[in-house]
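I opened this notebook page to record what I looked up in one protein chain, going from its overall form to its local details.

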Amino acid sequence: MSKVRCQYCDSVFEYDGQNRCPNCGAALGSNPDVERTVREERERAVRADSIARQAAARIAEEKEAADRTGRFVSRVFLPVFILIFVTVIIIILFSIVSMRNMFFW
């Protein structure tokens with residue numbers, strides 16, 4: 001909210017869309033402070049809308065990046081990890097079998 005000065009009684013008050021001065025009751029229609037305040041409020045609304053759209057776009061981008069990471073893990077990392085795990089288990093089993101044959105000769 002912006003402060004507006006009445007042209008007639010010089011009182012300063014917070015402008016929140018009223019048509020008359022709360023002190024003297026004068027019409028605020030031609031007051032340049034009111035026009036400036038209304039313009040500033042519109043500009044603030046436009047900026048807030050722009051910021052909200054940018055935030056929504058950024059959230060969508062981050063969600064897409066997270067989805068891509070999840071797909072990468074499920075397509076590449078998990079099968080490679082399973083392959084390495086199975087290979088290590090097979091090497092351990094072959095080692096156990098060869099050690100067993102070595103001691104029972």
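The entries below follow the order in which I looked things up.

Entry 1, the model. I noted at the outset that this is a predicted model.

Entry 2, the elements. I counted one helix and two strands in the protein chain, and reading from the N terminus I found the order β-β-α.

Entry 3, overall form. I compared the radius of gyration of the protein chain, 36 Å, with the value near 13 Å that a compact globule of 105 residues would have. I then looked up the box that the C-alpha atoms fill along the principal axes, which is roughly 115 × 20 × 15 Å.

Entry 4, burial and contacts. Of the 105 residues in the protein chain, I found 11% to be buried, and the chain exposes about 8700 Å², with carbon and sulfur atoms supplying 64% of that area. Taking the contacts between residues at least 6 apart in sequence, I saw that 27% join residues at least 24 apart.

Entry 5, charges. I listed 15 positive and 13 negative side chains in the protein chain, and the centres of these two sets lie 9 Å apart.

Entry 6, the strands. I looked up β1, residues 2-5, and found S2 and V4 on its covered face, with K3 and R5 on the uncovered one. Strand β2, residues 12-15, runs antiparallel to β1 and is joined to it by four bridges, and within this pairing I noted that S2 stands opposite Y15 of β2. Between the two strands of this hairpin lie six residues, and I recorded that D10 takes a positive phi near 60°.

Technical notes. Residues numbered from 1 in each chain as written. Predicted model: local features only at pLDDT ≥ 70, side-chain atom pairs only at ≥ 80, totals over all residues. Heavy atoms only, no water. Rg over C-alpha atoms; globule rule 2.2 N^0.38 Å. Buried < 20%, exposed > 50% of the residue type's maximum accessible area, 1.4 Å probe, protein only. Contact = heavy atoms within 4.5 Å. Areas by Shrake-Rupley, 256 points an atom, 1.4 Å probe, with all protein chains shown as cover. Lys, Arg positive; Asp, Glu negative; His and termini not counted. Charge placed at Lys NZ, Arg CZ, Asp CG, Glu CD. Pairing = 2+ DSSP bridges.
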